[in-house]
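Work through the exercises below with the sequence and the structure at hand. A worked solution follows each task.

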Amino acid sequence: MGRIMQVLRGGTLALESTNRPKVRAAEEIPSCSLGFKKQVQTFWQGSPCDSWFTEEAPGTAAFYQTLDEHRYTVHPSLHKAVCFEKTRGLRVLEIGCGCGSEAERFARAGAHYTAVDLTNAAVSITQRRFQLAGLKGRFVQGDAENLPFGDDSFDLVYSHGVLHHTPDTARTIREVHRVLGPGGRAKIMLYYRDSFNYQVNLRVVRRLRAQMLRTQAGLKVAKMIWHEPEEELKRHAELIKQDPGSYLDMQNMLNRNTDGPDNPLSQVFSRESAAEMFHQFQNVKTEVMFWNPNWLPGVGKLLPHAIEEKLASRWGWHLWIHAQKRNLEFTAQWTTAQTKGLETRVLAEALAN
Ligand SMILES: C[S@@+](CC[C@H](N)C(=O)[O-])C[C@H]1O[C@@H](n2cnc3c(N)ncnc32)[C@H](O)[C@@H]1O
């Protein structure tokens, strides 16, 4: 029987039946993961991504415009990485649409665009953007670990800064593979473990800053150095006072110092661990991008653009993975060999040659 998925129509959630072969039922997902996922959902429901960068009223044209201006100033390489102009006529799925900046660009480029996000907030704010712009799209509230779409439904799956926030990232990559058609492409951005932000800023600088935030004077100095909103710094200070040991634990440093002090989960990936997750794909390429001048307080903003670019490509925070699902012939051989019990990695190597 078809499963149930939630679809936003006219800003309200409706239930729709879909056929979803090969998808694990929710009750098969470990319950600890479900509880954690609920925390992730509650966090992002309360603060749709990027919305904090504008003071315009949510859902107004000015809101989307200011948000996009900020986004593409901070991420100047994003257009080049995505190549919107090559998506005309393609069935594009975006996982974790946030406030819909790329969504609008895909739709304007002529793609058949679908958004899926864990939260109603992101889905409805993206849908509102489309209504204002007179664009067509499909908007679905759902979970990347259990995508509410049938096999071979899309030509491109795009996801920017999303899949490292869900407990089972490897499972989401298997889901991306499943919903892509043969030859379909994935463009996924995950946080990079071998980055300046993780290895230096979070491991060392932010830990020292945590000590600073324990006093009022330190809090004022931190505000001058990092130019972060006072409320946010105060929240960090509160969490440090509550349980300093737990705050300084590296997983918590990562959670609390990437997407806000109450962010329940962030993860980092090396090029190798990402490649491992994409082993079912072919033409897997990784590239590193995004440098934040605030990581070098005082001098960061003085660096010439060319140096910033160099730093971004080696020590940047965003690990992009570009990959392609193999064609049908390969998939058939793969399935046959798998049923014969051959080991996956040996099999991949044999079939690639
Ligand atoms: C950091 S925001 C990124 C949004 C957007 N892609 C961007 O770059 O601005 C993370 C988004 O991922 C969504 N998300 C987190 N876990 C998810 C999951 N398991 N399935 C679908 N969406 C998820 C959140 O609801 C949130 O909208």
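**Exercise 1. The shell around the ligand**

Sort the residues of the shell around the ligand into nonpolar, polar and charged, and find which come nearest.

Solution. The model is a predicted one. Step 1: the shell divides into eight nonpolar, seven polar and five charged residues. Step 2: among the 20 residues around the ligand, the nearest are W44, C49, G96, G98 and A144.

**Exercise 2. Helix α5**

Compare the span of helix α5 with the expected one, list its buried residues, and state what follows the helix.

Solution. Step 1: α5 covers residues 120-133, which makes 14 residues. Step 2: from first C-alpha to last, α5 reaches 20 Å, close to the 20 Å expected at 1.5 Å a residue. Step 3: the buried residues of α5 include A121, A122, V123, S124 and I125; T126, Q127, R128 and R129 are buried as well. Step 4: after α5 comes G134, with a positive phi near 65°.

**Exercise 3. The nonpolar cores**

Describe the largest nonpolar core, and decide where it lies relative to domain 1 and domain 2.

Solution. Step 1: in the chain of 353 residues, 36% count as buried. Step 2: the largest nonpolar core has 64 residues, of which V92, A115, V157, V179, L190, L319 and I321 touch the most other members. Step 3: strand β7 (residues 180-191) supplies the largest share of this core, six residues. Step 4: the core lies between domain 1 (2-194 + 268-331) and domain 2 (196-256), because both give residues to it. Step 5: another core, of seven residues, lies apart from this one, and A210, A222, L233 and A237 are among its members. Step 6: turning to L190, and setting aside neighbours within four places in sequence, its contacts are L163, H164, F269, A274, L319 and I321.

**Exercise 4. The position of H279**

Place H279 in the chain. Is H279 buried, exposed or partly exposed?

Solution. Step 1: H279 sits in the loop between α12 (271-277) and β8 (282-289). Step 2: H279 counts as partly exposed because it has 13 C-beta neighbours inside 10 Å; a count of 12 or fewer would make a residue exposed, and 20 or more would make it buried. Step 3: A323 is 44 residues from H279 in sequence, yet the C-alpha to C-alpha distance between them is 9.7 Å.

**Exercise 5. The chain as a whole**

Give the number of helices and strands, then the share of contacts that join residues at least 24 apart.

Solution. Step 1: the chain has 15 helices and nine strands. Step 2: of the contacts between residues at least 6 apart in sequence, 68% join residues at least 24 apart.

How values were computed: Residues numbered from 1 in each chain as written. Predicted model: local features only at pLDDT ≥ 70, side-chain atom pairs only at ≥ 80, totals over all residues. Near = placed C-beta within 6 Å. Nonpolar A, V, L, I, M, F, W, Y, C, P; charged D, E, K, R; others polar. Helix = DSSP H or I, 4+ residues; strand = E, 2+ residues; numbered from the N terminus. Expected span 1.5 Å × (residues − 1). Contact = placed C-beta atoms within 7 Å. Core = buried A, V, L, I, M, F, W, Y, C linked by C-beta atoms within 7 Å. Domains from an automatic or database assignment.
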